[in-house]
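User: Please look closely at the strand pairing in this model, and then set it in the context of the rest of the chain. A connected account is preferred to a list.

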Amino acid sequence: MMLQEKKLIIQPQAIIEYIWAFFVILNGNSVYHASAGRDYHFPLICTILSALLLLTISKSSRIKERRVLLTTILLAIYCFIYFIIKYNTVSKEIYFLGYVISLPLLFLYFVTLKRIGKIEILFARLENIVLILAVVSLIVWLSGPIFNIIAPNTEMVISWGRLRTIEGYFGIQYITQYDNTIIKGLVRNTSIFCEGPMFSLWLSIALSTEMFLKEKSSWKKICILVVTIVTTTSVTGVFTIAICLGLKYIMSVDSIKKRKFVLISLLCLTCLPIIGFFIYDIIVNKMATASYLIRMQDYVAGFLLWKNNPILGGGFGNLSTLQKYILNSITTNVGFSNSVMAILGTGGLWNFFIYIISVIAPMLGNYEKKKHRVAFALIYCFLTITTIFFARYIAVVFIAFGVASLPIFGNREEGDSIEKTLY
């Protein structure tokens, strides 16, 4: 009887969290987000669901501490001031819905989860959906474009760099890219995303969640994620795998001296050959390609824009402000390639400050899972340097998670009583 009552309490909250996670992923550069025929307004849906998460928490679970409520209000005010000042150039939908409204809401929700020792639960929901996408994508990718057992049966027009029509399978797998470096002409496994690096981003988030935010890691899940990352043929994804495995191994060593030895050995045996291959790949394959030129110019363009607008940037999320700083005409019809310079260039120090707090916060304080949170924060930092997702809802989730990790917002102080009512 007790178990049945607990299920009735768990089910509604978990269902909303999974629905929330599903739409956050769709907003993360999926083909549906880039659809040229229809605007699904994913940021609005995600914002409504974030508010619903808070509303469905029982009264006894709600945080009433002044410092938490004050921080929630200050976050909203801080972002709203920027929104007003840069109103004419800011990307209005994602900034207002994501940062002015959702960031405070998600921060409050993460603090609530933190008090019951379940601050990682939303990332676990995201990981479970990504795992399903990984398994489905592997099956359809192998059955479709690789072995031609099934033929494409749907198509979609997307706006990704330019307007183009892509073919797909059942609306759950699309052909969006071909590899031009490792196995030239190979159809990359991009699942429902616009390109390999975007699918690799979500797989990398899921991998780091499984390895660093879970009580016990499942090697079956890790293997599925690793294999799927490889099929995206994303260099960033391969680096993420190496970093995750390296950090996991270092954390398994007890003494500091042994950790240093393992770290040096790891660099020599794993990272250096990968870096060597990466450099070779750039020299032989990419330095003469648009891909390499775009990536390098994006870092420069972001810096130049920030240099001319150090405090407020050119307008958060408005990548058009970067165009005049990009010298090569080949980049006119493509997006930006990394988040960190986009945050700094378009959002200035005003928004970069929040980002830095979200990276540093998990490294502060003294708690049981600190080293795992630090590892997760390092992966997040690496992904923002190498991949573009700063103007997507997942970036807001990361920032809210990071800020909520600050020691001043407590840990599991009220654990048992809240856990019974919330989960």
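Analyst: Two strands are taken to pair if DSSP finds at least two bridges between them. Helices (H or I, at least four residues) and strands (E, at least two) are DSSP runs, numbered from the N terminus. The model is a predicted one, in which local features need pLDDT of at least 70 and side-chain atom pairs count only at pLDDT 80 or more, whereas totals for chains, interfaces and linings use all residues. Residues are numbered from 1 along each chain as its sequence is written, and side-chain values use heavy atoms, with hydrogens and water left out.

The sheet comes first. Its 3 strands are arranged in the order S1-S2-S3, forming an open sheet with antiparallel pairing. Strand S1 (154-160) and strand S3 (173-175) are the edge strands, each paired on one side only. On average, and with direction ignored, neighbouring strands of the sheet are turned by 40° against each other (axes are lines fitted to C-alpha atoms, for helices over the stretch in contact, and angles run from 0 to 180 degrees between N-to-C directions).

Strand S2 (residues 162-169) runs antiparallel to S1 and is joined to it by 7 bridges. Within this pairing, Met156 has Ile166 in S2 as its bridge partner, and Glu155 stands opposite Glu167 in S2. The two strands make a hairpin with 1 residue between them, and Gly161 in the turn has a positive phi of about 85°. The antiparallel pairing of S2 with S3 extends over 3 bridges; here Tyr169 has Gln173 in S3 as its bridge partner. The hairpin of S2 and S3 has 3 residues between the strands, and Phe170 takes a positive phi near 60°.

Helix H5 (residues 121-146) packs on the sheet, where it touches S2 and S3, and the direction of H5 makes about 45° with that of S3.

Beyond the sheet, the secondary structure of the chain comes to 14 helices and 3 strands. Of its 423 residues, 53% count as buried (under 20% relative accessible area, with exposed over 50% and partly exposed in between, for a 1.4 Å probe and protein chains only). Contacts (heavy atoms within 4.5 Å) often span the sequence: among those between residues at least 6 apart, 72% join residues at least 24 apart.

Two helices illustrate the geometry. H8 (235-251) has 17 residues and reaches 24 Å from its first C-alpha to its last, close to the 24 Å expected at 1.5 Å a residue (the expected span is 1.5 Å times one less than the number of residues). Its buried residues include Phe239, Ile241, Leu247 and Met251. Helix H12 (residues 370-386), also of 17 residues, should span 24 Å, and its end C-alpha atoms are 25 Å apart, which agrees. Among the buried residues of H12 are Phe376, Ala377 and Tyr380.

H12 meets helix H11 through Val359, which is found in H11 and is in contact with Ala377, Tyr380 and Cys381, leaving aside its neighbours within four places in sequence. Val359 is buried, with a relative accessible area of 9%.

Aromatic residues provide further links. The whole structure holds 29 aromatic pairs (Phe, Tyr or Trp rings, the six-membered one for Trp, with centres within 6.5 Å; planes under 30 degrees apart count as stacked, over 60 as edge-to-face and the rest as tilted). Phe316 and Phe390 form an edge-to-face pair, 5.3 Å centre to centre with 65° between the planes. This pair links distant parts of the chain, its members being 74 residues apart. Both Phe316 and Phe390 are buried. The rings of Phe389 and Phe398 have centres 6.3 Å apart and planes at 55°, so that pair is tilted. These two residues, likewise buried, belong to one aromatic cluster that includes Phe123, Phe352, Tyr355, Phe376 and Tyr380.

Confidence should be kept in view. The chain averages a pLDDT of 84, and 80% of the residues score at least 70 (pLDDT is the predictor's confidence in each residue, from 0 to 100). Over residues 282-290 pLDDT stays under 50, and the model has 11 contacts beyond four places in sequence for them. Residues 328-334 likewise stay under 50, with 14 such contacts.
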